[in-house]
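Visitor: I've got a structure open and I'd like to learn how to read it. Can you walk me through it, feature by feature?

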Amino acid sequence: MPPRSLPDVPITVIGGRGPHGLALHLWMRDRGLEGAYALVDPSPAWLPLYGDDGPARFTTWLRSPRELDFALGDPARAMTAWRDADGRTPLADVYALAEAADPHANAVIGPERRVCRRSFVRYAGDLARRSGADAHVVHDAVAALRPDAAGWRVELAGGGSFATRVVLLATGMAPHLRVPLPWEPWWRHLPPGSAELALRADARVERLRGRRLAVLGSSNVATWEAATCAARLGAEVTLLCRRGAPIERQLPFDVAWFDQRTIHRFSLLDPRERLRRLKKTHVPKSTPPGSRAAAEAAGVRIVFDARVRTATELWGGVQVQWRDAGGERAERFDLVWASTGGDPRPRELPFLRDAVGQGRGPVVVGGPARNLPVTDACGRWQQLPPLYPLGHLAFPRAGFAATTLASAGRYLPLVMPSVLADAGVDPGRRAHRAAPDPLEVAA
Ligand SMILES: Cc1cc2nc3c(=O)[nH]c(=O)nc-3n(C[C@H](O)[C@H](O)[C@H](O)COP(=O)(O)OP(=O)(O)OC[C@H]3O[C@@H](n4cnc5c(N)ncnc54)[C@H](O)[C@@H]3O)c2cc1C
């Protein structure tokens, strides 16, 4: 079959069904600029990260406050105003950023004030459906991104291609999950069916029930959630926790990072000053209030200060060796999950490798932003046609808010004037006007 020829489009979001694609759609729609963008994504549903098969499926409650939603200046689109199909408003009482500024309140915010993951997915899906976002989705994965005279050529896994002037890169964290470097020599010799990265692990109940599972991680939220969830599904879970008792707090960051003016001011600083501030800011690993109690109630055996040394295949399972306060230990497990987070390296994204090869696409070489794009004053990845890294990939420019949903609702609007200019899209005299509220219109 000959490759499909798709219409060229000024702006393309790669990862278009994620929060950035939805935010871009709403922002453009508010300004009557529909038709100027494509949202490319292989996912059949919105926010696949938070779906029941996505990397965040062990998460019951999100960590973020009510402000990290898709209102984008229109209160009728706020999560607190959203009504579910049954008329309930499950996100109406979510805690606010101001509450997280108080360390005592932050340490006790409970589930009744948190964002339920499944409700959030329904809220986003509702906004997307009612605002006509699906009409802008190109349902395919990007296989290659090639610089050309006018910007970029986007080649799709399904065989089609089209030209675009500006790319917004929003492929998220999932392609960058890793085990720590010292583990690599032994990790890759473990049987793939027995050793998995927790965020990608096969968590079907029939696979877990009655099996001995070791979750290897630190004191961060993903580790506690994976262990608790697996135990609830019937696994006999040992959590080998690299650190001591977890710090429990709802929002791990200083709330100042989420103020749009702070993000803006930070992004305008000299790049070396930005990196210096990021390096100086210590964000301890933490997990929401009640995580430890929930794990214990689910029957998780918790071993603190466990330093995993090595693991080897043994009788169809995995023998894990670690050191803890009691000395050296070795135990056999049926399954091992590494909850060791990610190390985003956008230069290694398969579809980008050619474009950023041969010295193009510079990245930060050290510190907390290592391997992330060096951007110019407008947020474009340097030495390439216009390409705006978003989400975690924008950490060196936007700071800690970039690693959360604030990247879509608060950072993206800051780069939009430059995106439109690069795309040759003239907003003309159209001032910002919120389009008729999609929820109200369809009601
Ligand atoms: C486990 C977990 C829990 C989190 N919890 C919270 C929280 O509670 N609160 C909060 O504010 N933030 C949270 N975050 C962070 C937040 O979800 C992310 O910052 C946000 O989702 C990033 O959005 P994104 O669009 O960059 O990526 P994602 O939401 O990951 O979306 C990436 C998209 O890219 C698509 N894609 C991938 N490859 C291709 C390709 N080749 N071509 C086209 N499309 C592609 C995927 O299908 C997907 O739709 C969490 C993150 C994780 C991993």
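**Reading the sheets, the fold and the ligand shell**

Guide: Sure, and let's start with a sheet. An open sheet of five strands runs in the order E9-E18-E10-E11-E14, and its pairing is parallel. One caveat before we go on: this is a predicted model.

Visitor: Which strands are the edge strands there?

Guide: To find an edge, look for a strand that pairs on one side only. Here those are strand E9 (195–197) and strand E14 (301–303).

Visitor: And by how many degrees are neighbouring strands of this sheet turned against each other on average?

Guide: By 20°, with direction ignored.

Visitor: Let's zoom in on the pairs. How many bridges link strand E10 and strand E18?

Guide: Five, in the parallel sense, between E10 (residues 212–217) and E18 (residues 335–339). If you want a pair to click on, Gly217 has Ser339 in E18 as its bridge partner. E10 also pairs with E11, again parallel, over six bridges. For that pairing, pick Ala214, whose bridge partner in E11 is Thr238.

Visitor: Is strand E11 mostly covered or mostly open?

Guide: For burial, you count the other C-beta atoms within 10 Å of a residue's own, and 20 or more makes the residue buried. In strand E11 (residues 236–241), five of the six residues are buried, so by this cut-off the strand is mostly covered.

Visitor: Now the antiparallel case. What is the strand order in the three-strand open sheet?

Guide: E15-E16-E17, with antiparallel pairing. E15 and strand E17 (327–333) stand at the edges with a single partner strand each, so each has one side without a neighbour in the sheet. Neighbouring strands here are turned by 20° against each other on average, direction ignored.

Visitor: How many residues lie between E15 and E16 in their hairpin?

Guide: Two, and Trp315 in the turn has a positive phi of about 45°. The strands themselves, E15 (residues 307–314) and E16 (residues 317–324), pair antiparallel over seven bridges. Thr312 is one to look up: its bridge partner in E16 is Gln319. On to E17: seven bridges join E16 to E17, also antiparallel. In that pairing, Arg323 has Glu328 of E17 as its bridge partner.

Visitor: Stepping back, how many helices and strands does the protein have?

Guide: It has 14 helices and 19 strands. For overall size, the C-alpha atoms fill a box of roughly 70 × 50 × 50 Å along the principal axes.

Visitor: What radius of gyration would a compact globule with 443 residues have?

Guide: Near 22 Å, and the protein has 22 Å, which agrees. Burial can be read over the whole chain too: 45% of the 443 residues count as buried. Then there's contact range. Take contacts between residues at least 6 apart in sequence: 71% of them join residues at least 24 apart.

Visitor: Last one, the ligand. How many residues surround it, and which are closest?

Guide: There are 35 around the ligand, and the closest are Gly15, Gly18, Leu62, Gly172 and Gly391. You can also ask which elements feed the shell: helix H1 (19–30) and strand E2 (37–41) each supply at least two of its residues.

Visitor: How many of the shell residues are nonpolar, polar and charged?

Guide: The shell has 20 nonpolar residues, 12 polar ones and three charged ones. When you read those classes, remember that Gly counts as polar here.

Technical notes. Residues numbered from 1 in each chain as written. Predicted model: local features only at pLDDT ≥ 70, side-chain atom pairs only at ≥ 80, totals over all residues. Near = placed C-beta within 6 Å. Helix = DSSP H or I, 4+ residues; strand = E, 2+ residues; numbered from the N terminus. Pairing = 2+ DSSP bridges. Axes fitted to C-alpha atoms, helices over the stretch in contact; angles between N-to-C directions. Rg over C-alpha atoms; globule rule 2.2 N^0.38 Å. Buried ≥ 20, exposed ≤ 12 C-beta atoms within 10 Å, placed from the backbone. Contact = placed C-beta atoms within 7 Å.
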